[in-house]
Every structure is written in C-alpha cells, then in structure tokens.
Amino acid sequence: MKPIFIEKRMWGDTEYVRELYAGDDVPDGFRITQSQAVCFISEGSILLYEEQGGVFGLPGGTIEPNEKPEEALRREILEEANADVVRFGLFGYVKVWKSKIPENVDIQLRYWADVTLRDGPVQDPCHQSVGRIVVTPEEAPEKLGWGTWGVVHVRTAVAEWKRKQAHDT
C-alpha cells in the first residue's frame with residue numbers, strides 16, 4: 001500500500017518521517033502508540049480541542065499500558081474535549097520514525113468519531129487542553145495549522161465519515 005502523504009518534520013532537534021495511509025488495513029509487526037480522531041458533531045461540524053496560546057488539535061494521544069487503541073481514543077476525547085464517543089471507525093494510520101533510525105517504525109491510528117458534547121468545562125488531567133471549539137470541515141485545517149498534513153487528514157476523515165453515513169442510511 002502506498003502512503004497518501006509523506007512529510008519530514010522536526011520535533012526539537014530530531015527529524016521524523018511521517019507517512020499517512022488511508023484505509024483500515026493496518027500492517028502487523030509494528031508498535032501502535034497513538035489513537036487520534038477527527039470528531040464530528042451534529043450535521044458534520046468538527047470538534048477541536050484548544051491548548052493554551054490558541055493552538056488547536058484533534059483529540060487523541062498515547063495508548064496507555066494494557067489499554068486498547070479504542071479505549072485510548074474514548075479516554076482522550078473525554079479528557080481533551082469533554083465529549084463522549086457514540087461511534088467511530090478507522091480511516092487510516094500513520095507510520096512514523098526518526099530519520100536516523102528508519103527501522104524503528106511506530107503506528108499511530110487515525111479515526112473518525114461521532115461524538116456528543118458533555119456539559120461543563122474540559123477537565124484534562126494533563127492540563128494540555130483548556131477548551132474546545134466547533135468548526136466546519138472547511139475551517140478545520142486552517143485552525144489546526146498543520147498545512148497540507150492537516151488538509152489531507154481532515155479530507156480523508158470527512159470522506160470516510162460521509163461514506164459511512166451514506167452506508168448506514
């Protein structure tokens with residue numbers, strides 16, 4: 001399978017390579033380290049969490065020891081966006097590795113998720129998320145500030161979410 005997008009990116013002093021793949025055929029033999037979702041609420045609006053300083057993100061994060069990826073997804077969406085997952089599906093995955101260590105590849109799962117908002121403020125135990133916003137699918141990539149990486153993520157998730165909606169009706 002070929003990636004739909006490849007990016008090299010610096011985090012601190014380390015260069016990483018990320019490849020985004022569409023679909024749910026996750027390869028075996030790799031460590032799965034993260035679950036993240038494009039979260040949809042009523043009529044296809046997208047839910048983002050807000051960090052201090054006005055930075056926005058898609059809810060998700062590290063899978064804890066003895067936690068399944070789907071459990072991590074539900075926990076992270078609750079913690080970062082104070083929302084409950086109604087249903088979800090895998091729309092892709094990311095292979096990520098340090099440029100200098102190409103044999104050490106991790107997998108990060110990417111989901112779409114229908115969510116309902118809970119009342120009250122976000123209560124992130126890591127204090128990373130300080131709030132949440134709801135945007136249109138067209139506004140989401142700009143709010144994320146991830147450039148083409150964000151555009152491809154959101155478009156791929158929206159397409160799979162719409163396909164699932166049409167299939168279920």
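Before I turn to the strands, one term: two strands are said to pair if DSSP finds at least two bridges between them. With that in hand, let me say that what we are looking at is a predicted model, and that I will begin with strand S3 and then move on to the pockets.

Strand S3 covers residues 31–41, and with strand S4, residues 45–51, it shares 3 bridges, the two strands running antiparallel. Within that pairing, Phe40 of S3 stands opposite Ile46 in S4. The hairpin that S3 and S4 form has 3 residues between the strands, and there Glu43 takes a positive phi near 55°.

S3 also has other partners. Strand S6, which is residues 60–62, is joined to S3 by 3 bridges, again in the antiparallel sense, and here it is Gln34 that stands opposite Thr62. With strand S8, residues 106–117, the pairing is parallel and extends over 9 bridges; as one example, Arg31 has Asp106 as its bridge partner in S8.

So how buried is strand S3? Taking buried to mean under 20% relative accessible area, 9 of the 11 residues of S3 are buried, and therefore the strand is largely enclosed by the rest of the structure.

Let me now go on to the open spaces. Rolling a probe the size of a water molecule over the atoms shows where empty space is left. The largest pocket in this model has a volume of about 750 Å³, and 36 residues line it, with Trp11, Gln34, Gln36, Gln108 and Arg110 lying nearest its centre. Gln34 is thus a residue we have already met, as the one opposite Thr62 in S6. If we sort the lining of this largest pocket by class, we find 12 nonpolar, 11 polar and 13 charged residues.

The second largest pocket has a volume of about 180 Å³. Its lining includes Ala22, Gly23 and Asp24, then Gly89, Leu90 and Phe91, and also Trp112, Thr156 and His167. Two elements, strand S7 (83–98) and helix H3 (148–168), are the ones that give two or more residues to this lining.

Which element gives the largest share of the lining of the second largest pocket? That is H3, which supplies 5 residues. By class, the lining of the second largest pocket is made up of 4 nonpolar, 4 polar and 4 charged residues.

Definitions and conventions:
Residues are numbered from 1 along each chain as its sequence is written. This is a predicted model: local features need pLDDT of at least 70, side-chain atom pairs count only at pLDDT 80 or more; totals for chains, interfaces and linings use all residues. Side-chain values use heavy atoms; hydrogens and water are left out. Buried means under 20% relative accessible area, exposed over 50%, partly exposed in between (1.4 Å probe, protein chains only). Helices (H or I, at least four residues) and strands (E, at least two) are DSSP runs, numbered from the N terminus. On a 1 Å grid over the protein atoms alone, a cavity is a set of points where a 1.4 Å probe fits but cannot get out, and a pocket is an open set with protein on both sides within 12 Å along at least five of seven lines; lining residues have an atom within 4 Å of a point. Grid points are joined across faces, edges and corners, and a volume is the space filled by probe spheres set on the points. Ala, Val, Leu, Ile, Met, Phe, Trp, Tyr, Cys and Pro count as nonpolar, Asp, Glu, Lys and Arg as charged, and the others, Gly among them, as polar.
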